[in-house]
Amino acid sequence: MLKTLKHGLIAAAALAVSAGAAMAEWPDKPIKFIVGYSPGGGFDAYARALAPELEKSLGVEVVVENVPGAGGQKGAATIYRADPDGYTIGIWNIPGLTVPQLLGKANGFDLNDVTWLATLGNSRYALAVKADSEYQKLEDLCSLGRPFKHSDTGPASTSSVTAYIAMNLIDCPIINVTGYKGSSDTIVALMRGEVDATIKPIASLNKYVKSGDVRLLMTFEDTPSVEGVPSSGEAGYPDFSKFQVVRVIGGPPGIPADIAARLSEAVVAAASSDTVQEWSVSSKRPVDPVGPEETRALMDELMGFYTTYKDLLAQK
Amino acid sequence: MGLDVLFDAVLAVFTSGSVIYVFLGVVLGLTFGVIPGLGGTTALALLIPVTFSMESLDAMYLAGGVMGATSFGGSITAILLNTPGTAPNAATTFDGYPLARQGKAGLAIGASACASAMGGLIGLFTLLLVIPVARELVLAFGPAEFFLLTILGLVAIAVSARGKLLRGLIAGGFGLLLAFVGSDTVSGELRFTLGTDYLWDGIPLVPTLTGMFALSQMIELALKGGSVAGNADAAKQRISGVWEGVRAVFVNWPTLLRGSAIGTIIGAIPGLGGTVASFIAYTSTVQTSKNPESFGKGNILGVIAPESANNAKDGGSLVPTVAFGIPGSAETALFLGILVLHGIDPGPSILLDNQREVYGLIVALTLSAVGASVIGLIFSRWLVMITHINVDFLVPVVVAVSLTGVYVLAGKPGDVMLAMIMGVIGYLMIRFDYPRLTLVIALVLGETCERSFHQTRMISDYDMIGFMAARPQSLILIVLIVLTLLLPSLRRVKWR
Amino acid sequence: MTQNETVPRKIRSIWPPLVLMLAAIGMVIWAQDYGRGSRLMPTVVGSLTAVLCVLDLLSRLDNGLGAALRLALGADFRNREMSHDPALRAELGMIGWMVGFIVVMLGIGILPTVPLFIAAYMRLQGKRSWTSAILSALLVFGFVLLVFEILLGTTLYRGVLFDPKGFGAW
């Protein structure tokens with residue numbers, strides 16, 4: 001109740017301040033597209049692929065702006081604090097930002113208030129080991145007589161959270177070696193033999209599978225999508241398919257409804273365009289856009305899912 | 001693969017007329033190198049949006065032009081104003097600035113230009129040679145070695161500030177403490193942030209460099225009055241010294257080769273970057289010299305060693321890039337970022353899939369290393385005049401331009417404030433004779449140092465010593481650390 | 001050590017190491033607020049730095065111990081970076097110029113501040129002629145405008161007074 005009230009107040013204030021001018025002729029100036037990561041990462045790639053198509057359908061320039069820092073939280077806070085006039089939107093990392101919020105470590109944003117516009121797509125995870133490793137299946141890693149070592153960027157990163165919760169679900173002991181600079185570094189660490197396995201998005205691992213450096217043991221999904229690799233559903237871990245990286249487009253709380261609707265439409269249209277779909281195939285980055293209602297539902301579902309493991313995450 | 005590909009790439013850059021992009025990059029790289037605090041990383045970061053609309057190969061030429069030129073550009077102010085343009089140029093100040101004050105700036109600039117070009121060429125040549133074994137080379141170095149290398153770098157820097165070992169170590173300790181500010185890369189915990197999100201990602205480097213090097217030096221110079229070369233005989237300070245400097249590089253070829261080799265190897269280690277390369281090159285030159293007392297007072301070898309290492313590291317930093325598509329330095333990280341913008345996803349097969357771009361970059365780097373030095377030599381006559389410019393003009397200009405540059409990088413007014421605070425701290429350090437260099441370099445290395453320390457602990461099952469003892473790479477580094485630390489003290493005692 | 005007699009008293013006084021030692025100890029105490037892994041390195045480095053500061057302090061004593069430490073640890077002042085000894089007023093004046101630049105810049109933005117600062121400094125501090133001061137100011141203004149605003153297309157800070165976001169831009 002209180003939340004709805006707050007939401008309403010913000011919206012009303014926003015309307016009073018900016019809507020009058022904005023409604024008349026939105027959009028009439030460039031739109032800022034905030035990415036909370038440096039140029040070159042996955043989220044940046046999505047934003048850059050989307051921006052030209054968005055420009056076409058909105059008729060104004062769409063400027064991608066990188067605001068890296070604090071594991072994406074700085075970018076999130078920048079979007080959240082912007083004026084809700086429809087001229088600032090951005091891409092959100094779910095559950096990369098969900099987990100800090102659950103643990104009370106989020107600074108400057110609240111996912112419950114964000115104006116969700118569309119979901120671009122989700123990336124699935126896979127468990128990988130070194131190509132010449134003796135491990136053939138997940139169970140080999142769990143029965144080492146010691147916790148298996150897993151490489152990751154930071155303890156709050158999406159793949160860290162996934163690895164931690166998933167292995168706890170099946171009582172498989174794990175040590176998370178964190179601090180690597182990016183997902184490539186975590187995979188190189190695997191190749192150096194510092195860690196036993198790593199759980200990363202399939203798209204990131206794929207390059208190293210092709211070059212013959214790493215081998216996939218299992219993908220985190222119900223039906224297998226990679227040839228010759230069992231899915232977690234097949235291997236008897238039905239819960240694992242809930243773990244995924246979702247790339248969501250959203251704006252600051254309180255964007256007027258008509259502007260939000262137009263933005264949503266434009267994002268979905270841009271993501272469904274031939275150019276973006278071709279890019280998606282060639283770069284192996286999934287793009288299956290869905291609109292605002294589905295996105296909101298997905299946000300609630302994921303928040304609920306991770307809330308179940310709040311205590312587990314907190315004691316990490 | 002190899003020479004024929006390279007030959008094609010060279011041909012391509014000239015026949016397509018794209019050589020203009022290399023040239024543009026060189027000019028921009030020199031400019032950014034000269035402006036204190038700013039360097040190749042800043043220039044490339046600002047260029048990324050510009051390259052978006054360019055052909056991917058042209059973007060590589062531009063990036064290569066910038067990368068190859070900044071380190072020489074940065075050495076110019078290191079020599080003339082005791083203000084390294086970029087962090088890796090810091091070691092050049094030890095002997096370059098005393099030379100400038102003695103009125104021999106021409107000699108130092110000439111040596112720096114030539115050593116930069118030669119070092120750059122040697123580094124790139126080595127890169128072409130090691131491409132077949134690049135993968136093994138990169139995999140040989142893990143967190144244990146990263147940790148030891150940061151320690152070696154710090155020790156090398158502390159001992160290279162002559163007669164200031166103790167105060168150098170203290171400044172280094174504070175540099176590390178400052179590096180711990182912000183979110184802990186291993187645990188994610190926020191530390192020492194004073195409750196502001198400005199410090200979440202730690203103390204930003206460019207404002208610190210600008211404050212510590214440029215602003216504090218300007219305060220010192222302004223208080224001294226006159227000009228840098230002061231009362232040195234102006235008549236002697238002519239262009240003639242420049243060619244003498246160029247000659248000195250070839251006469252002292254062992255120093256050149258050692259500097260280049262150190263630069264290439266350290267540059268090749270991913271995650272560390274080349275900042276320590278120039279210091280290790282400098283220290284090793286001092287320690288193998290028969291006459292170590294002459295360093296720090298204007299020994300030309302003290303310019304040749306760090307500057308050759310400095311440019312050789314660019315070639316080295318491409319080793320991890322061609323092996324796995326991972327960056328070996330901040331510059332190569334941005335170079336990979338440019339590739340991604342052009343729809344290329346760098347990975348372990350980068351050399352097969354994106355041969356054109358990788359060799360394009362190598363060619364651009366080669367042209368740039370030589371081109372920057374040639375431009376430098378042409379303009380050296382006017383550059384040297386900087387040391388005769390009165391501080392009344394020099395001080396406000398350097399302060400205004402470098403503070404503007406600080407703002408440009410991230411667009412945060414807070415950065416300008418930080419630069420000023422660091423400027424005052426830096427001045428106090430000059431005044432009370434605590435070396436600023438160790439503090440700044442420790443700040444640069446602190447994050448890698450702490451991160452790799454914790455990683456080594458975890459991957460060694462909390463038995464770091466046993467783990468390192470079993471790795472020959474680690475053992476060599478430990479021996480080097482001990483030698484670097486003990487040699488100067490032993491020498492000092494012996495001479496008494 | 002005879003060299004030490006030429007070094008100003010305040011440079012080789014025991015105050016600098018004392019202040020630094022307290023700062024290092026302060027950081028160590030502060031670090032104890034954090035988790036086990038996060039406080040480890042700050043504690044180790046801070047403690048070592050504090051010990052080094054004590055050695056620095058001892059090496060400044062005019063007795064056998066001080067001399068021995070200066071020799072063994074390389075802590076003498078023979079090769080000082082700054083050999084002149086300006087008056088405190090001059091030092092504060094220079095720092096004042098720097099602070100002035102920041103304050104004006106925050107108020108009216110970078111572009112007008114650059115020429116203003118250069119002209120004012122050259123005229124007031126350097127006692128140069130108005131002509132050379134204004135000429136230099138315009139020259140540098142042109143360079144900053146050309147490189148940053150025009151070639152690289154960045155927008156330099158406009159100042160609290162002119163930035164539509166005011167303090168919000170922070």
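Two residues count as in contact here if their C-beta atoms, placed from the backbone, lie within 7 Å. With that in hand, here's a quick tour of a predicted model, taking in one helix of chain A and two contacts made by chain B.

**Helix α12 of chain A**
- α12(A) runs over residues 292-308, and its 17 residues reach 25 Å from first C-alpha to last, close to the 24 Å expected at 1.5 Å a residue.
- Its buried residues are A:Pro292, A:Thr295, A:Met299 and A:Tyr306.
- Those four sit on the same side of α12(A), because they cover an arc of only 55 degrees around the axis.
- Flip to the other side of α12(A) and you get exposed residues: A:Glu293, A:Asp300, A:Glu301, A:Gly304 and A:Thr308.
- The cover over the buried residues of α12(A) includes α4 (98-102), β4 (115-130), β9 (244-251) and α10 (257-272), which belong to chain A too.

**Where chain B meets chain C**
- Chain B puts 57 residues into this contact and chain C puts in 65 residues.
- On the chain B side, α9 (165-179), α10 (205-224), α19 (391-410), α20 (413-431), α21 (436-459) and α23 (472-495) each chip in at least two residues.
- α19(B) has the largest share of that side, with twelve residues.
- By type, the chain B side splits into 34 nonpolar, ten polar and 13 charged residues.

**Where chain B meets chain A**
- Here the contact takes 29 residues from chain B and 32 residues from chain A.
- On the chain B side, α16 (330-341) and α21 each supply at least two residues.
- α21(B) gives the largest share of that side, five residues.
- The residues of chain B that touch chain A come out as 13 nonpolar, twelve polar and four charged.

Terms used: Residues are numbered from 1 along each chain as its sequence is written. Chains are lettered from A and ligands numbered from 1 in the order in which they are written. This is a predicted model: local features need pLDDT of at least 70, side-chain atom pairs count only at pLDDT 80 or more; totals for chains, interfaces and linings use all residues. Ala, Val, Leu, Ile, Met, Phe, Trp, Tyr, Cys and Pro count as nonpolar, Asp, Glu, Lys and Arg as charged, and the others, Gly among them, as polar. The expected span of a helix is 1.5 Å times one less than its number of residues. A residue is buried if 20 or more other C-beta atoms lie within 10 Å of its own, exposed if 12 or fewer, and partly exposed in between; C-beta atoms are placed from the backbone. The arc is that of the directions from the helix axis to the C-beta atoms.
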